[in-house]
Protein chains: 2
Amino acid sequence: MTINNKTNQKVTLSDVGKLAGVSAMTVSKVLRGTGRIPEETRKRVQAAANELGYVTNQLASLLAGASSNMVGVLIPTARDVVYSDILSAINAELRPAGLRTFIGESYFDPAVDYEQVSSFLSIRPAALILHGGIERKAETIKLLKKQACPVVQIWDVENTDFNINIGPSHADAGKLMAEHFLSLGLKKVGYVGAELELDICAAQRANAFEDALKAQGVDLIRCVAEDLPRQAEGGEVLTRRLLDHYPDIQGIHYLNDAMALGGMRVSYERGISVPDSLKIAGFNATSNVHSVRTKLTTINMSYLDIGTKAAKGVVSLYTGESVDRVQIEPIVLERGNTT
Amino acid sequence: MTINNKTNQKVTLSDVGKLAGVSAMTVSKVLRGTGRIPEETRKRVQAAANELGYVTNQLASLLAGASSNMVGVLIPTARDVVYSDILSAINAELRPAGLRTFIGESYFDPAVDYEQVSSFLSIRPAALILHGGIERKAETIKLLKKQACPVVQIWDVENTDFNINIGPSHADAGKLMAEHFLSLGLKKVGYVGAELELDICAAQRANAFEDALKAQGVDLIRCVAEDLPRQAEGGEVLTRRLLDHYPDIQGIHYLNDAMALGGMRVSYERGISVPDSLKIAGFNATSNVHSVRTKLTTINMSYLDIGTKAAKGVVSLYTGESVDRVQIEPIVLERGNTT
DNA sequence: CTGAAAGCGCTTACAG
DNA sequence: CTGAAAGCGCTTACAG
C-alpha cells in the first residue's frame, strides 16, 4: 500500500518571502541563522514564517545539500527493557545536540533488518545506530558501505564491521556465570534458552557458559527451543521439560531474566525450594525492578551507559574527536536470593 | 550539531540507465513496476541496479510527487510495556501493507511532542499515529492541520481532534476500580500516583475513581508527586508517606502496576498482610508477567488490539473504507491476590 | 546586505 | 514501448 499526499505542505520559502517583502533566499538565510541580515528584516521574516505556519521541507532541503540532523536507531524490539533503556539514553544524549532520532525494530530478523536499514538510508540520515547480534545480510552491509553512512553498532563487540562498536563481552558473561555455578559446587547444570539461531550474542553466552563448565568437568544439559517466546512462558515450558527428564539437576542458567522467572514459577508450583534444592540464574537484570520478594541472581551492566556512549560515538564521528572503535561495557554478576 | 553527508549516495537513476543501456526514465519505471516494459529490458535494468547497489533517493522521489509509505508513530516512551505493545502491533499490521514506521518518543512533554511532530512532518509521511493524554500545544495542532496529514490518535478518546481516536475510557477505568473497592466494603482509601499534571489520562482515571467513591460517601486520600518516577521506587516512597500519615488506610489504588509493586514491597517490609490488612490495586496489568507469587489486582485491556486498530485506521483513511472516528477499547478488572 | 542562477535526484505528464 | 522536458522546494556558490 502507498499513500498519496500531494495535497500537503502549501507554504514555501517564497510564500514567506512574499509576505515579508524579501526573496526566498533571504528567508532561507534567516531561518537557518546564516548570513548577515539586519535584525529588523530578521524579525519581519520570522513573523511571516510563524503566521503562515511554515515548516522547512527537509526533503528539498536535504536534496539540495543541507546537512542532515536525523539519526536512525535500529533495535531488535522495543518490548525489551534492555533495548528501550539503551534507546532512552541515546535520545537523552542526541536531542540536546540538535539531532533527531528515528527508531526502527528488526525483531532479530535479517530481512527486516535490511528493509529498515534501507528505509533509513533512503532519507539520508546523518548516522545510524544499529544493534548487532544477528547475522546481517551481505546486502545490508553493501548498502551501508555504498552510502558511506557512519554506523555505530551496539550490543556486539565481536563482529566489528562498523565505525564504532559498543557492548558487553557476551563470552565473558557466559564465563562469569559458569564460574559462579562452579563456585557453588554444582555438578549437574542446565541451560534454558530460545531463538539462539537468531540471537548470536545469546548463543555466544551459552557457548562460553558451556565451555567454562566443561573445562572443569561439569556437563551442561541444554534445553532450548526456536519456536518459544523468550518470556516467562517459554521459561516455564522448557523448565518443565528439563526437570521432567533430569530431576536431579542442581542449577539452571537462563537466556534472560524473563525466562528465569518462568523457572521460578515452575519451582514454586512443584514445591522445589530455591536456592536450596535448585539454583536459578538469569541474564540482564531486567526482572528485579518488578520483584517483591524474589531477587534473581543475574548479570547486569549499565544499559544507559551503552546508549550514552553510542550517542557520543555518533557525535564524535563528526567532531573528529577520537574515540575507541571497540568499547567493551563492564558486566557484573549480581547475586540475589535464587542461588 | 549538524552533520555533513554530501558525500553520500553516488548511484543515481541515470547511472543505472547507462549501465543497462536505457534512459533514467525507463529505469524509474522498471523499479516502480510501472509502464509497459519488455521483460528483457526489465531484467537488464534490474541486474544493473543490483550490481550498482542502487537505492531510491526518497528525498528526491517524494519531492517529485511520489506517494509516501512512511508512517510516523509517536509514543510517550518505549520503556512502558503499554506503549511498546501497541507499537509492536502497529508494526505487525503496517509492514505487510508495505508501510514503514518511524518511531518517536515524547516523554509526555508537549515541547518534545511538537518537535517530534515537526520532524515527522518534515519528511512528509503518509500518516501519523500520535498518542493522546497530554496537553498538546496549539502550534502542534496548527502544524498538523496545515500539512493536512492524516492522524490517528491512540490512548485518549476524550480530546478527539483527529481523524480517528482509539483507546480505553479512562473515566470508566477509574469508576471500575472504585466499584471494586466499594464492593469490598472499604471506607478509607488512598490513591498513589505521579506526574498527573503531564498525563491527563491518568488524571482522568484518578478523578473518576475519587468521584465514584465520594458518591458513596467514601473519602479518598491522594498521595501524589510530580517529581517522582512512575516506577516501583516512586510507589515505595509515596506508600511510606501515605501509611505514615494514615496508618488505618484499608486500600490503595495506584497509577500503574509498577507503582503498585512498590506498595507491595513496602507492605512486605513492614509486615502488613496483603490483602488481609491492606488491599492493593494497580492499572494496566503490566506487572503480572513478571510475578512469581504476587498477582496484582489491576485493570487490563488489549494493547495489541489498540495498535492493530490504529494501523487499520491508517490504512482505512486511504482505502476509503469507513471506520468509526472514536473507538473505545473495552477494559476489564482482573482480580489477583492483592485485594 | 541581497537575490538570480544552477542543481540536488527523482516523478508526472506528455510527446514521439 | 521509450525518453526529453518541466518542476518538486530547497541550498550552495556566486554576483551585484
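A backbone N or O atom of A:Leu13 sits 3.1 Å from a phosphate oxygen of DNA strand D, a polar contact (a pair of N or O atoms within 3.5 Å). This is a predicted model, in which local features need pLDDT of at least 70, side-chain atom pairs count only at pLDDT 80 or more, and totals for chains, interfaces and linings use all residues. Side-chain values use heavy atoms, without hydrogens or water.

Chain B reaches the strand too. A polar side-chain atom of B:Ser23 lies 3.0 Å from a phosphate oxygen of DNA strand D. A base oxygen of the strand lies 3.3 Å from a backbone N or O atom of B:Ala64. Two or more residues each come from helix 2 (24–32) and helix 4 (58–63) of chain A and helix 2 (24–32) of chain B. Helices here are DSSP runs (H or I, at least four residues).

In total, 24 residues surround DNA strand D, each with a heavy atom within 4 Å of it. A:Ser28, A:Arg32, A:Tyr54, B:Thr26 and B:Lys29 come nearest. Of the strand atoms within 4 Å of the protein, 68% belong to sugar or phosphate.

Now the protein–protein contact. Chain B gives 75 residues and chain A gives 74, counting heavy atoms within 4.5 Å. Together they bury about 7,200 Å², 56% of it on carbon and sulfur atoms; this is the accessible area (1.4 Å probe) lost on being put together, summed over both. Six salt bridges link the chains, each a side-chain nitrogen of Lys or Arg within 4 Å of a carboxyl oxygen of Asp or Glu. One joins A:Asp85 and B:Arg79 at 2.7 Å, N to O.

Conventions: Residues numbered from 1 in each chain as written. Chains lettered and ligands numbered in written order. Polar contact = N/O pair within 3.5 Å; in protein donor to acceptor, adjacent residues only side chain to side chain. Buried area = accessible area lost by both parts, 1.4 Å probe.
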